[in-house]
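Colleague: Please walk me through one loop of this model in detail, and then show me how it sits beside other parts worth a careful look. I would also like to hear how far the prediction can be trusted.

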Amino acid sequence: MAVEDARPERATDRASWINDPKVRGAFYQILLVLALAWLIWEIIDNTRTNLEQRNMATGWGFLDETAGFGIILNLIQYSEISNYGRALFVGFLNTLLVAGIGVFLATVIGFIVGIARLSKNWVISRIAYVYIEVLRNIPLLLQIFFWYFAVLRAVPGKREMGTIVPGVHLNIAGLRAPAPVFEEGSTPTVIALILAIVISFVIKGWSAKRQAATGQRFPVLWTAIGLIVVLPLIVFLATGMPISISYPEFRDTGPMLMRGFQEGTGFVLIPEFLSLLLALSLYTATFIAEIVRAGILAVSHGQTEASYALGLRPGSTLRLVIIPQAMRVIIPPLTSQYLNLTKNSSLAVAIAYPDLVSVGGTVLNQTGQAIEIIAIWMLVYLSISLLTSAFMNWYNKRMALVER
Amino acid sequence: MTMKIMPLVLGAAVALAATAANAGTLDDVKAKGFVQCGVSQGLPGFSNPDDQGNWTGLDVDYCRALAAAIFNDPSKVKFSPLSAKERFTALQSGEIDVLPRNTTWTMSRDTALGLNFVGVNYYDGQGFMVRKSLGVASALELSGANVCTNTGTTTELNVADYFRSKDMPYQIVAFEKADEVVQAYDAGRCDVYTTDASGLYAQRLKLTNPDEHMVLPEIISKEPLGPVVRQGDDEWFNLAKWVHFAAINAEELGVTSANVDEMKNSETPSVKRLLGTEGEYGKAIGLSNDWAYNVIKHVGNYGEMFERNVGPSTQLGIARGLNALWSKGGLQYAPPVR
Ligand SMILES: N[C@@H](CCC(=O)N[C@@H](CS)C(=O)NCC(=O)O)C(=O)O
């Protein structure tokens, strides 16, 4: 390079423009773009010709047509007479539901197991080790089938209560628990609860600042718990107790089909959701555990020693010194685990959980509009992934310690 | 840089080739030497592989009949097992040449999906199966039931229509694969298993205790099942239709795999036209004149296929019923060869 640059002007003048690297570069780039454009045009044209030849429907009009099929789990109002667009949205929400709760559970389990794996207690660290090695190495689909088909056969039948603790029941039709029923006039209580939570966070911020400045500590946890319990309770009592509890109602007389838990009583988690959630979070947690372990090990041992020397107990050392530093190493790979979990949730179709891929497949089957459906799938998963990444990057920046 | 362009050019060439390959399924089939046939993932009586991977069934026999007509060899078939949900995409994309997979002829499939139904090789209707212990005698008592079925089927739509029109609440648990439906129903996840009545009899055999289950009397829909091809290839569509019609005509004319050689000497004009001893009918569908002879010789007429696969002497034990010839009180009727 240096030699070329040092050449006198004349040398460049004499050389043919064909040999000019700039011209050549531009030429090839234009060629590449043209080839790409041609390829894309070919694909579009080819598709269009094929669709026309087979008289297949195209366009987005189908989203307004009646879906005609039922969906077992819908977070928004949906019935067979709703349209395809709404059906797809129901599927999308179901994907978000299982992925969201899955990410939360996987993170909690992953952190616990990852820390347990480093425990000085031999038994605990072995258990964590075996858990990680076994679940990480069994294909996820098999685990989903295990939780759905094998475990499903083992739980009590639909017409047995399967009580776990009073009020909470697990049978083949799902997990049932008492549910709060918000009657008229319950809004103030809900607002009070939200307010209490917000105030708790404010107090937390204030106390951290104060501690940093003065060294004085404030019992944040107890204050928060007190606030969150007492404030809504007062409002609840003052407004005449507008929230009641609906217990799962079990019937064991009358026609056989009518026996069992009655729909619309209590709170139900269908087994399709439970199995998928368990499989996804237990599987992903193994990877998160390893990430957490690696993150903790990446923090130099001197930090622990220094912290002990300052008189911090092991628990506080982990919480205040090690984890915050380990987070820098943990967050980037954690993000990709979150994305994996979300994408893996599309295995739902195997056990009748109606996620976006499952519902979309049904719509595709009925309308034949493969291109549109696949475009929706790609767009949705891409958006979820990009949003998750963006959030995690923001969080990463916030967590990153300022190097000193 | 040049190296990077190569794959693109190749890709473009492939895309072009795909356009070219779209024409003439028959030529394609002849060139590759076999018919690629989309079937179920295992439905006894219709399309089911045995331990050695040999497929049998009414739908499978249709594939064999096609191969016999084209190649004079019923073994020149390759099977693609497909779930209900995948089947149309496989046909539309050209992965298979024909789809005889207990598929119901409906208007949207025949039009918007870009498909053509060849005919009806089994007149069916949707039914319900329940455990006897439920003590239910009629589908009208199923209010509040959990219902297991397949996604991507007419079944899941009919069941929605039925419960809604009867104003009965229900909960649908819809699986992609038929085996998963059977497993979930067998495990007790659902009170009811619903699909085509023929399918119920076939799937019941897979349950742990088939005797503990019964099929309810109601048939809630029309399910005319038949082979399907892509739109836009009339030559192949015609051939597929006439192979189906030939088998029905043969039954009507009394031509069987056993007597077809004898029948070649028949003086009855309609038999002569069918077996190709008179006229040039084979030519019109791009085949030799003994195309129907080959079908009957190797696979038999429609009645033989029915008896062999689903008839009273089989495990399924289904009576001809609607599937008897029109001349015997059924619905099976084929236009004449002339
Ligand atoms: N005839 C209906 C239903 C066809 C269907 O897929 N039925 C299921 C249940 S009998 C089946 O064939 N399962 C066999 C399999 O998937 O391998 C349709 O065309 O939509």
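Modeller: Happy to! Let's start with A:Ala352, which sits in the loop of chain A that links helix 11 (314–344) to helix 12 (356–367). Please keep in mind that this is a predicted model. The backbone is what catches the eye: phi of A:Ala352 is near 65 degrees, a positive value in a residue that is not glycine. Is A:Ala352 buried or exposed? With a relative accessible area of 4%, A:Ala352 is buried, the cut-off for that word being under 20%.

Chain B offers a useful counterpart. B:Asp167 also has a positive phi without being glycine, with a value near 60 degrees. B:Asp167 belongs to the loop between helix 6 (154–165) and strand 9 (170–175) of chain B. B:Asp167, however, is exposed, its relative accessible area being 69%.

Staying in chain B, helix 8 (residues 197–204) is mostly covered, with 6 of its 8 residues buried. Those buried residues are B:Ala197, B:Ser198, B:Gly199, B:Leu200, B:Ala202 and B:Gln203. Their packing partners in chain B include helix 7 (178–187), strand 7 (126–131) and strand 10 (192–196). Strand 6 (122–124), strand 11 (213–215) and strand 12 (223–225) of chain B are also packed against by these residues.

Next comes a helix pair. Helix 2 (residues 25–32) and helix 9 (residues 234–253) of chain B pack at about 75 degrees, and their axes are 7 Å apart. That angle makes helix 2 of chain B roughly perpendicular to helix 9 of chain B. Helix 2 of chain B brings B:Thr25, B:Leu26 and B:Val29 to the contact, while helix 9 of chain B brings B:Glu235, B:Trp236 and B:Leu239. By type, the residues of this contact divide into 4 nonpolar, 1 polar and 1 charged.

On a broader scale, chain B is divided into domain 1 (7–123 + 225–233), domain 2 (126–221) and domain 3 (243–328). The C-alpha centres of domain 2 and domain 3 of chain B are separated by 35 Å.

Finally, confidence. The model scores ipTM 0.87 and pTM 0.86. Chain B has a mean pLDDT of 92, and 93% of its residues reach 70 or more. Residues 1–21 of chain B stay under 50 in pLDDT, and the model has 19 contacts beyond four places in sequence for them. Where pLDDT is low, the predicted coordinates should not be read in detail.

Methods:
Residues are numbered from 1 along each chain as its sequence is written. Chains are lettered from A and ligands numbered from 1 in the order in which they are written. This is a predicted model: local features need pLDDT of at least 70, side-chain atom pairs count only at pLDDT 80 or more; totals for chains, interfaces and linings use all residues. Side-chain values use heavy atoms; hydrogens and water are left out. Buried means under 20% relative accessible area, exposed over 50%, partly exposed in between (1.4 Å probe, protein chains only). Helices (H or I, at least four residues) and strands (E, at least two) are DSSP runs, numbered from the N terminus. Contact means heavy atoms within 4.5 Å. Axes are lines fitted to C-alpha atoms, for helices over the stretch in contact, and angles run from 0 to 180 degrees between N-to-C directions. Angles under 35 degrees count as roughly parallel, over 145 as roughly antiparallel, 65 to 115 as roughly perpendicular and the rest as oblique. Ala, Val, Leu, Ile, Met, Phe, Trp, Tyr, Cys and Pro count as nonpolar, Asp, Glu, Lys and Arg as charged, and the others, Gly among them, as polar. Domain bounds come from an automatic or database domain assignment. pLDDT is the predictor's confidence in each residue, from 0 to 100.
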